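Student: I have a chain in front of me and would like to work through its fold. Could we start from the terms?

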Amino acid sequence: MSQLRIAEIFGPTVQGEGALIGEPTVFVRTGGCDYRCSWCDSLHAVDSEFRHTWASMTTQDVWAKVQRLSRNTPLTVSLSGGNPAIQDFTDLIALGHASGYRFACETQGSIAKPWFGNLDTLVLSPKPPSSGETVDWAAFDKCLDAAKDAAQIVIKIVIFDDADYAWARASADRYPHLPLYLQPGNLEVDPEVAVDPQILADKLLWLVDKTMADSWFAPRILPQLHILLWGNKRGV
Ligand code: SF4
C-alpha cells in the first residue's frame, strides 16, 4: 500500500466548485505542488514552510479516516492539494470503490498518473496567465490520455481578468468535447479576513455578462459556493 503525504483530511461538507458543486464530499488534501500560483488559496498544502504540518500516512490510515468521517456511508472523496497527481492513489481508489465510494480528483494537468483512469471524475484545471504559471499542453494532453477510462473528465478555469478570459476562450477551443466550467477568481485568500459577498457577486456578474455578450455559451459559470458560505476558513 502506498504512503501518502497528507496536508489535511476533512468533511463531510459540500463540494464548492465545478461539476460536483453541492455534492457531499470528504476532502483528502495532499501536501506539495509543482506550481506556485500567485493567488493560490491552498498555500498550507503547497509551500514547504508548512511541510512540518503534513503527515506521512499509509493508504490504510487515510482510508480509515475517510470511513470515520463519512460514518461508513459511501459518498464522493475529492483528492485535492497541492497537486494530488504527485502521489499514488491507486490503492485508496480501489479500497473506496470496493465499498461504494466515488472518487474525484482536481489537478492542474501537469503530471499524468495511471490511476486517473480509475476516477469517477477528473477535474483538469489549467491555470490562466494571472497565476504566473505557464501550461504545458503536452503534459496536459498526457493527463487526458491517462484518464481516458475515467467516468467523467471536465475542465475548470478560474478567471481573474480580461487576459485570463481571452486565454480561457482560446484554451477551451482545444477541447470542445469536454464540459467546461468557469468561475471568477477570489483574490482574498487570507483565512482571517472576511469575504465580502457583494464583491463575489459583482465578479460573477462580470463573468456572466462577458460570456453572454460574446455569445460564448459552452461554459457553465459558477461561484465558489464554499467561499460564499465560509469565506477562506480551512477544513470546511
Ligand atoms: S496548482 Fe493549485 S495548489 Fe498548486 S499553487 Fe496553483 S492554485 Fe495552489
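Tutor: A residue is buried if 20 or more other C-beta atoms, placed from the backbone, lie within 10 Å of its own, exposed if 12 or fewer, and partly exposed in between. This is a predicted model, where local features need pLDDT of at least 70 and side-chain atom pairs count only at pLDDT 80 or more, while totals for chains, interfaces and linings use all residues. Residues are numbered from 1 along each chain as its sequence is written.

Student: Is Asp145 buried or exposed?

Tutor: Asp145 lies in helix H3, residues 137–146; helices are DSSP runs of H or I with at least four residues, strands runs of E with at least two, numbered from the N terminus. Because Asp145 has 11 C-beta neighbours inside 10 Å, the residue counts as exposed.

Student: What radius of gyration does the chain have, and why does it agree with a compact globule?

Tutor: The radius is taken over C-alpha atoms, and the globule rule is 2.2 Å times the number of residues to the power 0.38. With 236 residues the rule gives a value near 18 Å, so the chain agrees with it at 17 Å.

Student: Which classes make up the shell around the ligand?

Tutor: A residue is near the ligand if its C-beta atom, placed from the backbone, lies within 6 Å of it; the residues around the ligand include Cys33, Arg36, Gly81 and Lys127. Ala, Val, Leu, Ile, Met, Phe, Trp, Tyr, Cys and Pro count as nonpolar, Asp, Glu, Lys and Arg as charged, and the others, Gly among them, as polar. The shell has five nonpolar, five polar and two charged residues.

Student: How many helices and strands does the chain have?

Tutor: The secondary structure comes to six helices and nine strands.
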